[in-house]
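User: Could you take a close look at one helix for me and explain how it sits among its neighbours? I am new to this, so please spell out the terms.

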Amino acid sequence: MLLAKLMLDSKHTVILTGAGMSTESGLPDFRSVQTGLWQQEDPQRLASTHALQYHREDFISFYQYRIRTLRQCQPHAGHRILADWEARGLIQTVITQNVDGFHQQAGSRKVIELHGSLRTVRCARCNQSDESEAYLDDTFSCTCGGFLRPSVVLFGEALPAEAVEQAWRAAEQAKLFIVLGSSLQVSPANQLPLIAKRNGAQLVIVNLEPTELDEWADLVIQNRKIGDVLAETDRELEQRI
Ligand code: APR
């Protein structure tokens, strides 16, 4: 498979994952035509600073649902393959838009979480953080009296500056930039493949459905599940190394 060859030729490979990386773990994505969360719900009403402020009941029950679902799911073999490739020096960094922590749980060490993490909640007043289990125990108030909100980036909020800085640097250094399971519709994460391209990287996009940036890609792998693509590529790499 061409992907294995591109990886072997690359001295610096960076991965960008989206929600499509975790659907095979049982977590719904956001924009898949049939099953995406935002096909049924309005993100502004549930996952935005506006929702936090003015639709708090809906906000809380949405994140209780997501935290409960997350606790029932695990990383899949594809997450473990990425961790193994990092350990073998085949990839250098994983930048993720996902908040599930599955890359780290599967053993990846260099993970940049652009959109925060659903693993913890933090106080909107004093910033103290706690396990997100608090939401499953109906605990929404910090000991200081502030409101505990999930440590994810809401629509209308800025991304963590350090994560952005690291992700931009990784994209600039990449010789091969591989997107796994993202519609590439959300900025600024969707700028990263173009930054890599502008700095001379080869761009690969692995996504069931077409994405906004397919025309810029050197290789597009569509209509195939990420788990299968990673497993097949891993077998090829085994044979070539
Ligand atoms: N294999 C390959 N592709 C898949 C798979 C799979 N098993 N499952 C889903 N996909 C594809 C879908 O076709 C879809 O185009 O993954 C893509 C996921 O796109 P989105 O649902 O838009 O998710 P993402 O790109 O990560 O969204 C970015 O939007 O709502 C915000 O903060 C949220 O981080 C998220 C951001």
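Analyst: Here is a walk along one helix and its packing partners. This is a predicted model, where local features need pLDDT of at least 70, side-chain atom pairs count only at pLDDT 80 or more, and totals for chains, interfaces and linings use all residues. Residues are numbered from 1 along each chain as its sequence is written, and side-chain values use heavy atoms, leaving out hydrogens and water.

Our helix is α11, residues 226-240; helices are DSSP runs of H or I with at least four residues, strands are runs of E with at least two, and both are numbered from the N terminus. At 1.5 Å a residue (times one less than the number of residues), its 15 residues should span 21 Å, and the end C-alpha atoms are indeed 21 Å apart.

Which residues of α11 are buried (under 20% relative accessible area, 1.4 Å probe, protein chains only)? They are Ile 226, Gly 227, Val 229, Leu 230, Thr 233, Asp 234, Glu 236 and Leu 237. These pack against helices α1 (2-9) and α6 (77-87), and against strands β7 (176-180), β8 (202-207) and β9 (219-222).

Now for the two helices. α1 meets α11 at about 55°, with axes 8 Å apart; axes are lines fitted to C-alpha atoms over the stretch in contact, and angles run from 0 to 180 degrees between N-to-C directions. On the α1 side, the contact (heavy atoms within 4.5 Å) is made by Leu 3, Ala 4, Lys 5, Met 7 and Leu 8. α6 packs on α11 at about 35°, with axes 9 Å apart. Trp 85 of α6 and Leu 230 of α11 are among the residues making that contact.

Conventions
Buried < 20%, exposed > 50% of the residue type's maximum accessible area, 1.4 Å probe, protein only.
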